[in-house]
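Hi everyone, thanks for coming along. Please take a moment with the sequence and the picture on the screen, and then we'll walk through it together.

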Amino acid sequence: MRPLLGFLVVAALLLGGTGAGMGAAGAEPWYAETDAADLDGRLVVIDPGHQLGNARFPERISRLVPAGGFRKPCNTTGTATNGGYPEATFNWAVARQLQRRLERRGAEVILTRDSNSRRAWGPCVDRRGRAGNRAGADLKISIHADGAHGGGPGFHVIAAPHRRPSLQLAKVTRARLRAAGLPVARYTAGADGLDLRGDLATLNLSRMPAVMVELGNMRDPRDAHRMTSPSGRARYARALAAAAYRFLR
Ligand SMILES: [Zn+2]
């Protein structure tokens, strides 16, 4: 009976590893669903993009703030699906799931905002960028979604140029999103899922390895479908947790 059971387990693992829809579980044996506190002592900053109420505070969010050698508006409103599901809400949902996953492994998590509310605005990009600097955080993931009409589906990962640890984190993140079966955006500059940009305060002001992820294109029906479903959001969160885990370990 034992050999048969062993065979069944191996077969299930192999099948799980090749199935596109459930790839994440089988393909990443180093990131098992356990409660092992192997991220104990690690500090991660999660930045859940724009605040939901930003659009109601145009004057406050257009105020200029330091962005890393130049100034930029405090924040923007973010995008939405054609059906009206806001980017801020998507970012928030994925960020909270990512937080829970990392905390379960023993990591400490700082969120750059503590609510997703139509009555709130900000924080500004300079505060998002500096979050975790003084505490000596180990990495930062800024969660966003794009809104490119006619751009097709897909994610891309952004890092500030000339920052080797951030580029490394970006590559790890891209690999984990790909391993989760998520498509790479074709409409961005690099078209290989990586974008190097020096104009983002959130990345410029971070003194730790930091990336911004545009997890998908909210204006694309396929991405919108995934982003508005709980299972789709869990898939993004799981891939980001795997990236953080891989980078820290
Ligand atoms: Zn955004």
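Let me begin with a question: where is the place of His162? Before I answer, please keep in mind that what you see is a predicted model. His162 is found in the loop between β6, residues 156-159, and α6, residues 164-179. I picked it out since His162 has a positive phi of about 65 degrees although it is not a glycine. Most residues other than glycine have a negative phi. His162 is also exposed, because its relative accessible area is 83%, and the cut-off for exposed is over 50%.

There is another backbone feature to show you. Gly122 and Pro123 are joined by a cis peptide bond, with omega at about 5 degrees. In general, most peptide bonds are trans. You will find Pro123 in the loop between β4, residues 108-111, and α5, residues 125-130.

Now let's step back to the whole chain. The protein chain has nine helices and eight strands. Of its 249 residues, 53% count as buried. Take the contacts with a separation of 6 or more: 80% of these come from residues 24 or more positions apart. As for the outside, the accessible surface of the protein chain comes to about 11,900 Å², and 54% of that belongs to carbon and sulfur atoms.

On to the sheet. Six strands form an open sheet with mixed pairing, and the order is β4-β1-β5-β8-β6-β7. At the edges stand β4 and β7, the latter at residues 194-196; each has a single partner strand, so one side of each is left without a neighbour in the sheet. From one strand to the next, the twist averages 25 degrees.

Let's look at β1 in particular. It runs parallel to β4, and four bridges join the two. Within this pairing, Val45 stands opposite Ile110, and Ile46 stands opposite Leu111. β1 also pairs with β5 in the parallel sense, again over four bridges, and there Val44 stands opposite Leu139. Which way do the residues of β1 point? Leu43, Val45 and Asp47 point one way, Val44 and Ile46 point the other way, and all are buried. Because five of the five residues of β1 are buried, this strand is largely enclosed by the rest of the structure.

Two helices lie across these strands. Helix α6 lies across β5, β6, β7 and β8, and runs at about 30 degrees to β8. Helix α9, residues 230-248, lies across β1, β5 and β8, and runs at about 155 degrees to β5.

I've kept the metal for the end. Which residues are the protein donors of the zinc ion? They are His50 through NE2, Glu87 through OE and His144 through ND1, lying 2.1 to 2.2 Å from the zinc ion. Along the chain, the donors follow the spacing H-x36-E-x56-H. The pair of His50 and Glu87 links distant parts of the chain, 37 residues apart: His50 is in the loop between β1 and α3, residues 58-62, while Glu87 is in helix α4, residues 87-104.

One last question: are His50 and Glu87 buried or exposed? His50 counts as buried because its relative accessibility is 7%, and Glu87 counts as buried because its relative accessibility is 2%. The cut-off for buried is under 20%.

Thanks for listening, everyone!

Definitions and conventions. Residues are numbered from 1 along each chain as its sequence is written. This is a predicted model: local features need pLDDT of at least 70, side-chain atom pairs count only at pLDDT 80 or more; totals for chains, interfaces and linings use all residues. Side-chain values use heavy atoms; hydrogens and water are left out. Donors are N, O and S atoms within 2.8 Å of the metal (3.2 Å for Na, K and Ca); water is not among the atoms, so sites may look incomplete. Buried means under 20% relative accessible area, exposed over 50%, partly exposed in between (1.4 Å probe, protein chains only). Two strands pair if DSSP finds at least two bridges between them. Axes are lines fitted to C-alpha atoms, for helices over the stretch in contact, and angles run from 0 to 180 degrees between N-to-C directions. Contact means heavy atoms within 4.5 Å. Accessible areas come from the Shrake-Rupley method with a 1.4 Å probe; for residues, only the protein chains shown count as cover.
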